[in-house]
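Biologist: I should be grateful for a close look at a single part of this structure, namely one place where two helices pack together. Please explain how they are arranged and what makes up the contact.

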Amino acid sequence: MTRRRPQISSRKEPQQARSTELVAAILQAAIQVLAQEGVTRFTTARVAEKAGVSVGSVYQYFPNKAAILFRLQADEWRETAELLLRILVDASKPPLVRLRTLVHAFIRSECEEAEMRGALSDAAPLYRDAPEAHEARGTVDQAFQAFLEEVQPAASAATRALHCDLLLTTLSSVGQHFSGSPRTNEEIAAYADAMADMFCAYLEQPARD
C-alpha cells in the first residue's frame with residue numbers, strides 16, 4: 001500500500017494587502033514556534049495561537065503543518081538562491097573571485113541561521129521528495145551550470161554536470177556540518193577561505209573528459 005504524502009502546497013496565495021499581512025504573521029509565528037519549541041511540538045494550533053489568529057484563518061492558506069514548514073523551507077531556499085545568483089552573475093568580477101565571494105556568503109548565511117536550518121532539516125522527511133522541493137532546488141543548479149560553462153568552456157556537458165554536483169553537494173554538506181556549532185567571525189572567515197581555496201584549485205585543473 002502506497003503511503004499518502006501530506007499536501008505541502010499552499011491552498012491559495014494572498015491577493016490583498018490584508019491577506020498578505022495575515023500570511024506574513026502566520027509565517028513569523030511559525031518561525032518563532034519552530035525556534036522555541038522544535039519540530040516535534042510544531043502544530044497548526046500552536047502557530048495560530050502564537051500569531052493571534054484562529055486555526056481556521058491558518059487553514060485558509062495552509063492545509064496542514066507540513067505546508068507551513070515547506071513554505072518556510074521554500075522561502076529559505078529562495079532567499080539563498082537569490083543571494084547566490086546575484087554573486088554568480090556579477091560579470092564585473094572574475095569567475096573565481098565570484099566563487100570565493102559565494103563561498104563566504106553561503107557559509108556565513110549557514111552559521112547565522114543554523115538553529116532555524118537545523119529545525120527545518122529535522123522536518124525534511126515531510127517534504128523532501130515533493131516536486132516543489134526539487135523545483136526549488138533546481139534554480140541554483142541551473143545557475144551553477146551556467147557559471148561552469150564560463151569557467152570551463154572546453155569541458156563537456158557531462159564533466160560540468162559532475163563538477164556542479166560535486167561543488168554544490170560539498171558546499172551544502174560541509175556548510176551544514178560547520179554551522180552545527182557556534183562559530184566566531186574569525187573562524188567563519190578562515191573556514192570559508194580554505195573551502196574557496198579548495199574549490200578554486202579544483203576548477204583551475206584541466207577538465208578530464
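Modeller: The following account concerns one helix pair and then a glutamate.

This is a predicted model, in which local features need pLDDT of at least 70 and side-chain atom pairs count only at pLDDT 80 or more, whereas totals for chains, interfaces and linings use all residues. Residues are numbered from 1 along each chain as its sequence is written, and side-chain values use heavy atoms, with hydrogens and water left out.

The pair consists of helix α8 (residues 157-178) and helix α9 (residues 185-204); helices are DSSP runs of H or I, at least four residues, numbered from the N terminus. Their axes come within 12 Å and cross at roughly 165°, where axes are lines fitted to C-alpha atoms over the stretch in contact and angles run from 0 to 180 degrees between N-to-C directions. α8 and α9 are therefore roughly antiparallel to each other (a term for angles over 145 degrees). The crossing is right-handed, that is, the near helix is turned clockwise from the far one by less than a right angle.

On the α8 side, the contact (heavy atoms within 4.5 Å) is made by H163, L166, L167, T170, L171, V174 and F178. From α9 come E187, I188, Y191, M195, M198, F199, Y202 and L203. These residues divide into 12 nonpolar, 2 polar and 1 charged; Ala, Val, Leu, Ile, Met, Phe, Trp, Tyr, Cys and Pro count as nonpolar, Asp, Glu, Lys and Arg as charged, and the others, Gly among them, as polar.

The glutamate is E110, which lies in helix α5 (residues 95-112). E110 is buried, with a relative accessible area of 7% (buried means under 20%, with a 1.4 Å probe and protein chains only). Leaving aside neighbours within four places in sequence, E110 is in contact with R117, G175, Q176 and S179.

Terms used
Helices (H or I, at least four residues) and strands (E, at least two) are DSSP runs, numbered from the N terminus. Angles under 35 degrees count as roughly parallel, over 145 as roughly antiparallel, 65 to 115 as roughly perpendicular and the rest as oblique. Buried means under 20% relative accessible area, exposed over 50%, partly exposed in between (1.4 Å probe, protein chains only).
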